[in-house]
Amino acid sequence: MNKPLLRHIKKLLIQYRWKYITGAFFLLLTDIFQLISPRLIGWGVDYLNKGSLTFKSLLLVFSSLLLLAILTAIFRFFWRIQILATARKLEAQIREKYFTHLQTLSLNFFNYKKTGELMALATNDLGAVREMFAFGVVMLLDTIFLGTLSIFFLLSISPKLTLYIAIPLPLITLTIAFFGKITHKRFKLVQDSFAKLTDKAEETIAGIRVVKAYVQEEAELKKFIEKAQDLLSKNIHLVKAWGFMFPTIELLANLSILLVFLLGGLEVIKGNISLGDFIAFNSYLGLLIWPMNALGWVVNNFQRGRASLERINEVLDEIPDIKDSPKSIKKETLEGYITFKNVYFKYPSSPKWILEDISIEIKPGKFLGITGPVGSGKTSLVSLIPRLFNIQKGEIFIDNIPIKDLSLHYLRKNIGFVPQDSFLFSDTIANNIRFGKPDLSDDEIYKLIKIVALEEDLKEFPNGIHTIVGERGVTLSGGQKQRVAIARALAINPPVLIFDDALSAVDAKTERQILENLLEIRKNKSLIVIAQRLSVIQDADEIIVLKEGKIIERGDHNKLMRLGGFYAELFEQQKIESELERREDERIL
Ligand SMILES: Nc1ncnc2c1ncn2[C@@H]1O[C@H](COP(=O)(O)OP(=O)(O)OP(=O)(O)O)[C@@H](O)[C@H]1O
């Protein structure tokens, strides 16, 4: 079933209806004044022809024409402001709506939708929609006004001649209908191809370090050129359709002029119409030809706008699969008592369970460590706590309330999450830390800097905490980024702290220091830490070992060592490795 094209912007259009109505009114006035001029010139010519034109009447025609020209300019200014400026406002509001909607969508959506494509929608496609509501609307109204008014004037001069010019009209309508369909399809393909090209550019620039490290510049360039060529060929395909449409319409319109010249000339010779009428008729015809040609442009503009709006609608149609229930509980501060009861989870694209029958309990003030082989489901498990994904079976509770019943806003506000890739914004270190708490003072930031052991590193930075970290934090080392990300989580002082391998890039000494500092401030907090390096979670109250989505071992360090399983083996192995490293360091010193 075809959904209405304007379904997402109907309210905005209603909001701006008066702007468009007054704009249309000024446009109509402009057109009327434009149409009076040929009539005045026609009368002047007739007086001239009869030899009865006096200086006084010439001056009258001249001053009327001057007044008309001035009024036309003034009204033109008004319709431009009313319609074109409103289209800009409409564009800004659609962009805001689009971006707001994107923020509500869950991670699953971003897993399959590409960044470049989403960016192309907010720029290129939205631009096409704006043009449709700006010049598209203007041209459409102009075509209708000028077309009907010209026909009215033409009829008033000579109904017979007007009939002649109507002969090519059905052909023009057919041409427009035929090419309109073709251009719509081709526009959609062009916009799709542009989105793919934007995506490729975005990916190559974001991954430039990997591209350079693997000397893949040429290969990447080749892939980019392929996409650029695809866009070019789709554009040429489109231009070909236009190439046929515009000249065909122009030819048919010009046929009308030729017919009038021939048949109208005969009427003048026969004395059925005056020379002045013939000239005025031709001027009106000139005015009518323009809307006929403009129709092609209008169709083109609307097809492009429609194709783009349909693409934007597809995203706006997306229903967030993770959202508040109608009766969601808005609990501002949580205690942080987390329980998993027989939880099963899989991603929409995964064929099997990623997590199976997980039951855990973390009391406020307790420390849960999670370890396990790569891909065993550790990140997936902790992502379920802030409800980044929905579970399929079982239940997760915070403070004995199922998290699906809690308001997402408050649930997430109570969790300090440090993801594996410590993403930083291209802003200062201070602003990255105060991301979740914008009013954090510099003094409080220094305290956090101390806790995450970043003090010494800070001395190296040119502007201390006010140093800009470069896009995605490129100017910081992996370990420094991780520590800024931990400070960002601590800044909101949440009852639940989750670190997903967040100390993997810091050395053993700094890791110890951070863990000791954390002991102080995490007193009543629930701390969940994923680590491959077991020294990070060795002191946890409980450690769980995940393998292929199942808990295979659980208990504190001593219990797991006694068990002699995966944990004990890994611990022994890491102990030998760190001993070897220590000896190597001593040898070098
Ligand atoms: N968004 C996703 N969509 C589909 N499958 C996913 C997604 N993210 C992870 N997986 C799959 O889920 C499984 C568990 O991944 P997860 O990242 O939770 O493991 P992990 O134990 O944290 O791994 P690592 O130690 O490498 O961080 C893997 O098989 C992975 O391929």
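**Entry 1: a helix pair**

I began with two helices of this predicted model, α3 and α5, and I noted that they are roughly antiparallel to each other, since angles over 145 degrees count as such. The figures behind this are a crossing of roughly 155° between the axes of α3, residues 55-104, and α5, residues 115-157, which come within 9 Å. I also looked up the sense of the crossing, and found that α3 passes α5 in a right-handed one.

Next I asked myself which residues make the contact between α3 and α5. From α3 I listed W79, R80, I83, L84, A87, R88, L90, E91, I94, R95, Y98 and L102. From α5 I listed L118, L121, A122, L126, G127, V129, R130, F133, A134, F135, V138 and L141. Sorting the residues of this contact by character, I recorded 18 nonpolar, one polar and five charged.

**Entry 2: the annotated span**

I then turned to the record, where UniProt, in an unreviewed entry, places the feature "domain: ABC transmembrane type-1" at residues 21-304. In the model I found that residues 21-304 are 93% helix and 0% strand, and that the end C-alpha atoms of this span lie 24 Å apart.

**Entry 3: the sheet**

For strands I went further along the chain, and I wrote down an open sheet of four strands, ordered β2-β1-β4-β5, with antiparallel pairing. Which strands stand at the edges? They are β2 (355-362) and β5 (401-402), and because each has a single partner strand, one side of each is left without a neighbour in the sheet. As a reminder to myself, strands of a sheet pair through backbone hydrogen bonds, either parallel or antiparallel.

I followed the pairings one by one, starting with β1, residues 338-345, which is joined to β2 by five bridges, the two strands running antiparallel. To locate this pairing I looked up T339, whose bridge partner in β2 is E361. Strand β1 also pairs with β4, residues 393-398, in the antiparallel sense and over five bridges, and here K341 stands opposite E395 of β4.

**Entry 4: the hairpin of β4 and β5**

My last stop was β4 with β5, where I counted two bridges in the antiparallel sense, and where F397 has P402 in β5 as its bridge partner. How many residues lie between the strands of this hairpin? There are two residues between β4 and β5, and I noted in the hairpin that D399 takes a positive phi near 50°.

How values were computed: Residues numbered from 1 in each chain as written. Predicted model: local features only at pLDDT ≥ 70, side-chain atom pairs only at ≥ 80, totals over all residues. Heavy atoms only, no water. Axes fitted to C-alpha atoms, helices over the stretch in contact; angles between N-to-C directions. Parallel < 35°, antiparallel > 145°, perpendicular 65-115°, else oblique. Left-handed = near helix turned anticlockwise from the far one by under 90°. Contact = heavy atoms within 4.5 Å. Nonpolar A, V, L, I, M, F, W, Y, C, P; charged D, E, K, R; others polar. UniProt positions renumbered as here; feature names shortened; annotations may be inferred. Pairing = 2+ DSSP bridges.
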